[in-house]
Structures are given as structure tokens and as C-alpha cells.
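Student: I am new to this structure. Please take one part of it and walk me through that part closely.

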Amino acid sequence: MSFKPDPIPEGYGTVTPWIVTSDTARVIDFIKEAFDGEELGRVEGPVPGKIGHAEVRIGTSIVMLFDTPFKVDTPALLRLYIEDAEAVLERAVKAGATVVTPLTDVQAWGDRVARLRDPLGNLWWLQERVEAPTPEEAMRRMAEPKYLKAMEQTQVMDAPGLT
């Protein structure tokens, strides 16, 4: 009898991000230290000492990684929902991250947000859900100066190393 497995393997979401970098082992160490990531496995690539495939679990998500074969670095942009933005931001900085956007006040949609760049240039949006406004309330808030200022703070892309 033929068995058809679930279309999405257990533990994976419908979208799985890739981080492609020049030093995947270093990014894995950063993820483990900064975000309590769990390395699920790694496979050496065709070039000795290079990682051809690795997977790390961060909370409920799996991120895949490999050492780049590309001529141009393309940093990953990742949003990470967390329970304590201040504590995670502090751990990430200790693990080698650079703050791009300090932790904001609450955004119109209910999150506090910080952005950081890991040691290899990947950008991480750290988001902590602290309120759950209705969609109507969030849209109303978007017109308020304090929420506009918080939003602008997360959209600046001219921080050192980003342009």
C-alpha cells in the first residue's frame, strides 16, 4: 500500500528562509548564542571546510544555511518574534551583533521592534508583541505622531554598513 506523507515535513513551516553567507559556521554560533538556536545538522560542501547545508531551529522555525558560492554577498533579512526584546537584543550584541535600530516604543500594530546586523551582515528584526490592537485600531494609530515616529525609526536604511 502506498503512503503519501504530509506535504510539509514535521517541524517546518510553509516558508523556510535561507541564510547564504561566507562563514556559515560563524552564523550558526551567533544564532545559538544570541537566539538560543539549536543546530539540527550540517553537511560539508564540495569544498573542504565549507558548509554545503545546515539547519538551525530558532523557537518554532527552522532556518537553512550554507556557505555562498555566489560572487556577491546578499544578506538575509529576517524577522524574529521573541518574548523579551531587551534581553534578546542584549544577548545578540554580546554575541557580536551591531544595533541598527534601538528598541522602539510600541508600534501601531502592537510590537516593539529593534533591528540588528549579525557579524556577517544579515539583518534581524527583533519583534516583541506587547499589544493586540484590532486592525481598525492599528490603522487609526498609524496617523498618530508617536506611532509614525516609531515606524520611521525602523525604516531608516542608511545606518552604517547598510548602504
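Student: Over residues 11-129, what share of the chain is helix and what share is strand, and how far apart are the end C-alpha atoms?

Tutor: Over residues 11-129 the chain is 18% helix and 41% strand. The end C-alpha atoms are 23 Å apart. Helices (H or I, at least four residues) and strands (E, at least two) are DSSP runs, numbered from the N terminus. This is a predicted model; local features need pLDDT of at least 70, side-chain atom pairs count only at pLDDT 80 or more, and totals for chains, interfaces and linings use all residues. Residues are numbered from 1 along each chain as its sequence is written, and side-chain values use heavy atoms, with hydrogens and water left out.

The stretch has a label too. An unreviewed UniProt entry annotates residues 11-129 as "domain: VOC". UniProt positions are given in the numbering used here, feature names are shortened, and annotations may be inferred rather than shown by experiment.

Now the aromatic rings. The structure holds three aromatic pairs. Rings of Phe, Tyr and Trp (its six-membered ring) pair if their centres lie within 6.5 Å; planes under 30 degrees apart count as stacked, over 60 as edge-to-face and the rest as tilted. One pair is Trp18 with Phe66: the ring centres are 5.4 Å apart and the planes stand at 75°, so this pair is edge-to-face. Trp18 lies in strand S1 (residues 18-21) and Phe66 in strand S4 (residues 61-67), so the pair ties together parts 48 residues apart in sequence. Trp18 is partly exposed, at 41% relative accessible area. Phe66 is buried, at 17%. Buried means under 20% relative accessible area, exposed over 50%, partly exposed in between (1.4 Å probe, protein chains only).

Phe35 and Trp124 also pair: their ring centres are 4.7 Å apart and their planes at 50°, so the pair is tilted. Phe35 sits in helix H1 (residues 24-35) and Trp124 in strand S8 (residues 123-129), 89 residues apart. Phe35 is buried, at 6% relative accessibility. Trp124 is buried as well, at 1%. Phe30 joins Phe35 and Trp124 in one aromatic cluster.

Phe30 and Phe35 have another role in the picture. In H1 they are joined by Glu33 and Ala34 in meeting Val88, Arg91, Ala92 and Lys94 of H2. Contact means heavy atoms within 4.5 Å. The residues of this contact divide into five nonpolar, no polar and three charged. Ala, Val, Leu, Ile, Met, Phe, Trp, Tyr, Cys and Pro count as nonpolar, Asp, Glu, Lys and Arg as charged, and the others, Gly among them, as polar.
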